[in-house]
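Open the model in your viewer and keep the sequence panel visible. The stops below say what to select and what is found there.

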Amino acid sequence: PGSLRIAPSLLSADPLSMSDSIASLNGTHDWLHVDVMDGHFVPNLSYGSALVGALRKAYPDEVLDVHLMVEPPESFIESFLDKNPDFLTVHVEATPHLHRVLSRIRERGARPGVVLNPGTPVDAIFPVLSMVDMVLVMSVNPGFGGQSFIPETLSKLVDLCRLRASRKLSFLIEIDGGVGAGNVAEIVRFGADVAVMGSAVFGTDDPGKTVEKIRKIALE
Ligand code: DX5
Ligand code: ZN
């Protein structure tokens, strides 16, 4: 608490003027979250590594948090790693070679993260917890912005906090999907370190003001 990182999702930004959307945040955000969808692992398409490259070039100091919703991730990670993202997160459900993929991300100098869909239990990632810098808990079924928060996913935050303490690890706990002013206090209470927010931020007239407002609520 007191240190929630806010990661606006560019999926809800203006695709024709993403730089305007980023400017509208007024530097109030902590990270930029980039949702990569392949129309196969999830029923929607978004963008590829070229966007990450363009972001990295235009914003060398931004923390780029790249969420890969692609199957299998091993076919795509190299092209993303070439663009120097800060975090590269892959779904446990998307590959039988999770350990290899996470090792490779670390080996190439990015910070590996692992993602759990709402229907996937935390024990699916027990064997790789010591390898990751972040665990992302999906609080909607991935594929689209603007869906409603699934409250049953909150208990995974608590489980992850306990596991982190008992195993003396230090990964960040991130939550993604349906987060906004109405539930940010609750997700902080349950232990989230990072909150992704798409529609709740970019769906408002002044995204920067909205992030400030949400941060204030999170701190209360
Ligand atoms: C869903 C994406 C999310 C999404 C969040 O597949 O991973 O990052 O864009 O959008 P909101 O905050 O609108 O639920
Ligand atoms: Zn995401």
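Begin with strand β3, residues 63-69, and pick out His-67 within that strand. This is a predicted model, so check the colouring by confidence before going further: the protein averages a pLDDT of 97, and 99% of the residues score at least 70. For the complex, the predictor gives an ipTM of 0.98 and a pTM of 0.98.

**Stop 1: His-67 and its surroundings**

Is His-67 buried or exposed? His-67 is buried, because 28 other C-beta atoms lie within 10 Å and 20 are enough to count as buried. Now show its contacts, leaving aside neighbours within four places in sequence. From the run 33-36 you should find His-33, Val-34, Asp-35 and Val-36; the remaining contacts of His-67 are Thr-89, Val-115, Leu-136 and Asp-176.

**Stop 2: the annotated positions**

Select His-33, Asp-35, His-67 and Asp-176 together; an unreviewed UniProt entry lists these four under "binding site". How large is the largest C-alpha distance among them? The value is 10.4 Å, so these positions cluster in space although they are spread over 144 residues of sequence.

**Stop 3: Asp-176**

From that group, keep Asp-176, which sits in strand β7, residues 172-176. Asp-176 is buried, with 26 other C-beta atoms within 10 Å. Beyond its neighbours within four places in sequence, Asp-176 is in contact with His-67, Leu-136, Met-138, Ser-139 and Val-196. Leu-136 also appears among the contacts of His-67.

**Stop 4: helix α4**

Move to helix α4, residues 98-107, and display the side chains of Leu-98, Val-101, Leu-102 and Ile-105, which are buried. Why do these residues lie on the same side of α4? Around the axis they cover an arc of only 95 degrees, which puts them on the same side of the helix. Turn the helix to view the face directed away from that buried side: His-99, Arg-100 and Glu-107 are the exposed residues there.

To see what covers the buried residues of α4, add α3 (77-81), β4 (87-91) and β5 (111-116), which are included in the cover. Then look at Gly-109, which follows α4 and has a positive phi, near 90 degrees.

**Stop 5: Arg-111**

Continue into strand β5 and select Arg-111. With 18 other C-beta atoms within 10 Å, Arg-111 is partly exposed, because that count falls between 12 and 20. Its contacts, apart from neighbours within four places in sequence, are Asp-86, Phe-87, Asp-133 and Met-134. Draw a distance from the C-alpha atom of Arg-111 to that of Val-132: the separation is 7.3 Å, although the two are 21 residues apart along the chain.

**Stop 6: the whole protein**

Zoom out and show the cartoon. The protein has eight helices and eight strands. Its radius of gyration is 16 Å, close to the 17 Å that the globule rule gives for 220 residues, so the protein is as compact as a globular protein of that length. Along the principal axes, the C-alpha atoms fill a box of roughly 45 × 35 × 30 Å.

Colour by burial to finish: buried residues make up 42% of the 220 residues. A contact map is also worth opening. Of the contacts between residues at least 6 apart in sequence, 61% join residues at least 24 apart.

Key:
Residues are numbered from 1 along each chain as its sequence is written. Chains are lettered from A and ligands numbered from 1 in the order in which they are written. This is a predicted model: local features need pLDDT of at least 70, side-chain atom pairs count only at pLDDT 80 or more; totals for chains, interfaces and linings use all residues. UniProt positions are given in the numbering used here, feature names are shortened, and annotations may be inferred rather than shown by experiment. Helices (H or I, at least four residues) and strands (E, at least two) are DSSP runs, numbered from the N terminus. Two residues are in contact if their C-beta atoms, placed from the backbone, lie within 7 Å. pLDDT is the predictor's confidence in each residue, from 0 to 100. The radius of gyration is taken over C-alpha atoms; the globule rule is 2.2 Å times the number of residues to the power 0.38. The arc is that of the directions from the helix axis to the C-beta atoms.
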